[in-house]
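Please open the structure in your viewer and follow this tour step by step, selecting each part as it is named and taking time to rotate the view before moving on.

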Amino acid sequence: MDGEQVKAWEAQCIEEQPPACTMACPLRLDARAMLEKVAQGDLIAAFAVYCRHVPFPAILSHICEAPCQQACRRAEAGGSLAVRAIEQLVVEEGYATLRRVAQVNRKPKRLAVVGAGLAGLTAAHDLAMKGHKVTVFEADALAFERLRHDYADRLPEAAVEAELGALMKLGVDIRCRSRVTGDGGPLGIDAFLAAYEAVLLALGPGPAPSFAAALVMTDNGRIRSDPDSCATSIPKVFATGIERASGAPYSPVGSMRHGRRAAASIDRFLQGASLTANRASDEIAQSRLYVNVAAHASVAPVTPADPAGGFTHAEAIAEAKRCFPCHCLECVKACEYLKQYGAYPKRYVRDMYNNISIIKGNRKYNRVIDSCTLCGLCETICPNDLSMADVCLSARQDMVATGHMPASHHDFALRDMAFSRSDAFTLHRHQPGRDASATLFFPGCQLSASSPEHVERIYAHLTQTLPGGVGLMLDCCGAPAHWSGRVALGQEVNDGLRHAWDGLGRPQVITACSSCQKMLGQFHPEMTVTSLWSVIAETGWPQPMPGQPMPDLTGRRLAIHDPCTARHAPEVQRAARDLAARLGAEVRELSGAELTTCCGYGGLASFANRTVADRILDARAAESADDYLTYCAMCRDSFARRGKRAVHLLDLAFGQSGLDAAGRPDPGFSLRRDNRARLKTRLVRELWGEAMDDPTVRGNLVIADDVLADMERKLILVEDVARVVAAAEAGGPKLVDRRTGHILASAQFGSFTCWVEYQHEAGGYRIHRAYSHRMSVEAKP
């Protein structure tokens with residue numbers, strides 16, 4: 001995982017972006033967090049949030065013009081939140097708890113602020129909080145003179161005096177009736193420059209005072225200052241508020257922003273840091289945070305019973321509960337995997353990268369990385385197209401490359417793939433009686449494992465319908481290698497497939513599996529790959545067996561589940577629906593093909609984390625009470641494993657009269673493997689007329705259903721058990737319990753070790769239990 005790529009992925013996730021209310025506030029008040037506390041009934045905690053951002057809460061809560069309310073997204077669903085009214089109640093309840101504690105500054109600086117308005121005193125507050133000694137000079141008789149006059153109808157005098165008292169407790173020295181002059185007296189600008197290490201001119205609008213002649217002026221006679229850093233032509237002199245054009249409306253919260261910006265510049269100046277580098281913008285801006293407003297019902301604002309008295313506690317809580325609150329989390333809402341670990345993509349990306357970067361210690365995020373189904377739903381939903389599938393796959397590839405991929409997560413799936421690539425299953429041939437193939441049927445290893453009889457019927461139909469010869473390729477597309485991050489193994493599989501395809505004359509490939517179609521399309525652009533469903537949509541369904549009628553599903557209602565690997569294959573989606581409809585089925589949509597979810601098998605998630613995979617599957621199964629229709633064998637079997645009635649598209653066409661195809665159980669991994677081997681054997685015998693032994697014949701094992709189910713859960717095959725028993729009975733090591741006659745034996749196959757407890761029974765062996773582990777034990781050098 002490249003560091004720059006990680007940063008790019010993190011930037012795509014917008015969950016940490018401030019909401020619209022915060023971006024509209026010049027002080028960046030986290031109104032969302034404040035309202036969440038109010039909604040919980042904790043007004044004191046809400047006040048703590050408020051005063052973290054607001055220097056004079058008693059004042060601003062009465063006079064703020066509330067730009068947050070104008071930007072509030074709730075306005076689109078019932079009306080903006082009454083943030084200012086809630087602020088007033090929060091301040092009334094919490095102000096007595098406010099404790100301003102300045103930082104301990106071992107080298108405090110002497111600073112001067114000229115002007116005791118909101119901008120100047122905000123700067124004085126922020127600099128005093130950093131431990132500096134601040135003196136404020138005001139020409140008028142009182143600090144906050146303008147506020148006292150302009151807002152006398154709604155700003156209580158007590159609120160002003162309370163905030164001034166708090167400033168003085170911080171050590172701020174406010175000197176009123178102290179007009180700065182341009183002469184050489186004690187209040188002259190030259191004296192200021194000599195006595196203080198930095199000076200802030202917070203003069204507000206109006207003509208520049210006489211002492212400003214020492215500074216560079218604008219064409220209209222105002223002090224020139226940098227709008228971002230507040231720096232003037234004299235290095236230690238800063239100016240704020242005066243860049244506002246005469247006649248512009250006065251903004252109390254805007255004045256506070258100017259003062260805070262100036263204080264930050266002065267603090268940087270005192271530290272010898274850049275005044276402009278890496279500064280967070282405080283400009284009013286549009287929020288990048290995506291909010292699905294349409295998902296929220298319209299709720300009318302709460303009207304206080306006593307408008308003059310403001311909200312009561314209950315009214316404020318009710319109004320605060322109208323806050324959504326604004327979050328994106330669209331992918332998390334849709335994905336059980338992302339919900340499982342309580343975070344969101346940006347945090348997952350960083351934690352995965354940190355996990356890969358660990359040199360020594362536990363890589364606790366390995367299972368998280370391997371639990372993603374790689375289905376791509378998150379990318380489809382994300383406003384910025386962030387794909388956690390790409391992130392997790394990249395992390396897996398790094399884990400494999402550095403030797404940190406746990407063997408237990410993918411061992412079974414890779415052993416199963418190895419079987420599907422072995423002589424027990426692989427078959428690459430032209431149609432019987434042909435020496436060339438115009439097309440090549442690639443059923444995939446999953447349909448062959450689940451319903452081998454369907455493979456035989458469809459292949460027969462294709463050979464009878466398509467011209468030029470239809471070859472057959474029984475093989476694996478290599479998805480397990482790709483999903484597990486084994487790049488080299490994936491390349492080996494692809495090279496083998498390409499070689500076999502070349503040997504058959506490079507025919508057009510027809511796949512019955514959407515995963516195969518996606519894999520072949522991704523890694524073999526030289527191939528022309530078509531879905532079986534698109535082909536049958538053109539040729540029509542196969543004719544029924546002699547003596548059987550064409551299936552009639554009139555009135556049969558089915559909810560269609562599209563495989564996640566067919567998410568971006570609209571032609572395949574249309575064909576599947578059309579084919580079901582031709583048989584009379586009433587096909588109903590779930591979330592729609594583009595928003596389909598995984599069955600839990602994708603990305604090998606069910607092998608790495610069965611709990612998460614089952615949650616994904618159960619959530620999908622709960623979307624409808626109808627029987628499900630799918631055109632992926634693994635999806636059908638996964639639903640069956642969890643008790644959800646489901647049929648494969650071919651079950652509709654080839655289902656036998658009187659049999660309940662939707663109730664067909666999951667065949668399980670042992671039978672799936674046997675089905676593949678038996679399919680090849682039958683095809684070789686019946687189509688090509690060649691002798692071939694049944695590879696699934698084993699010793700006589702007696703396995704009770706509960707033991708077999710336990711083996712299935714532990715990913716132990718009947719074949720594994722047979723090999724262990726055979727080795728033990730051939731003279732291998734074993735332990736015998738003389739009391740019960742039970743025998744315990746084990747065998748190791750690569751990183752997989754299997755133990756079997758059994759006993760002799762007439763003509764065979766009764767299996768009592770089996771267990772295993774999958775790990776590689778490395779000897780210390």
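**The largest cavity**

In this predicted model, begin inside the protein, where the largest cavity has a volume of about 200 Å³. Select W483, C513, S515, Y601 and M634, which, of the 20 residues that line this cavity, are the closest to its centre. Next, colour helix 21 (445–450), helix 23 (479–483), helix 25 (514–523) and helix 30 (633–641), since each of these helices supplies at least two residues of the lining of the largest cavity. Which helix gives the largest share of that lining? Helix 23 does, with 3 residues. If you now colour the lining of the largest cavity by residue type, you should find 16 nonpolar residues and 4 polar ones, with no charged residue among them. In total, the model has 8 cavities of 30 Å³ or more.

**The open sheet**

Now turn to the strands, and select the 5 that form an open sheet with mixed pairing, in the order 6-8-7-9-10. At its edges you will find strand 6 (427–429) and strand 10 (529–531), each of which pairs on one side only. As you rotate the sheet, notice that its neighbouring strands are turned by 25° against each other on average, with direction ignored.

Zoom in on strand 9 (residues 508–511), which runs parallel to strand 10 and is joined to it by 3 bridges. Which residue of strand 10 is the bridge partner of V509? Select V529 to see that partner.

Finally, show helix 26 (residues 532–539), which lies across strand 7 (439–442), strand 9 and strand 10, and runs at about 65° to strand 10.

Definitions and conventions:
Residues are numbered from 1 along each chain as its sequence is written. This is a predicted model: local features need pLDDT of at least 70, side-chain atom pairs count only at pLDDT 80 or more; totals for chains, interfaces and linings use all residues. Side-chain values use heavy atoms; hydrogens and water are left out. Two strands pair if DSSP finds at least two bridges between them. Helices (H or I, at least four residues) and strands (E, at least two) are DSSP runs, numbered from the N terminus. Axes are lines fitted to C-alpha atoms, for helices over the stretch in contact, and angles run from 0 to 180 degrees between N-to-C directions. Contact means heavy atoms within 4.5 Å. On a 1 Å grid over the protein atoms alone, a cavity is a set of points where a 1.4 Å probe fits but cannot get out, and a pocket is an open set with protein on both sides within 12 Å along at least five of seven lines; lining residues have an atom within 4 Å of a point. Grid points are joined across faces, edges and corners, and a volume is the space filled by probe spheres set on the points. Ala, Val, Leu, Ile, Met, Phe, Trp, Tyr, Cys and Pro count as nonpolar, Asp, Glu, Lys and Arg as charged, and the others, Gly among them, as polar.
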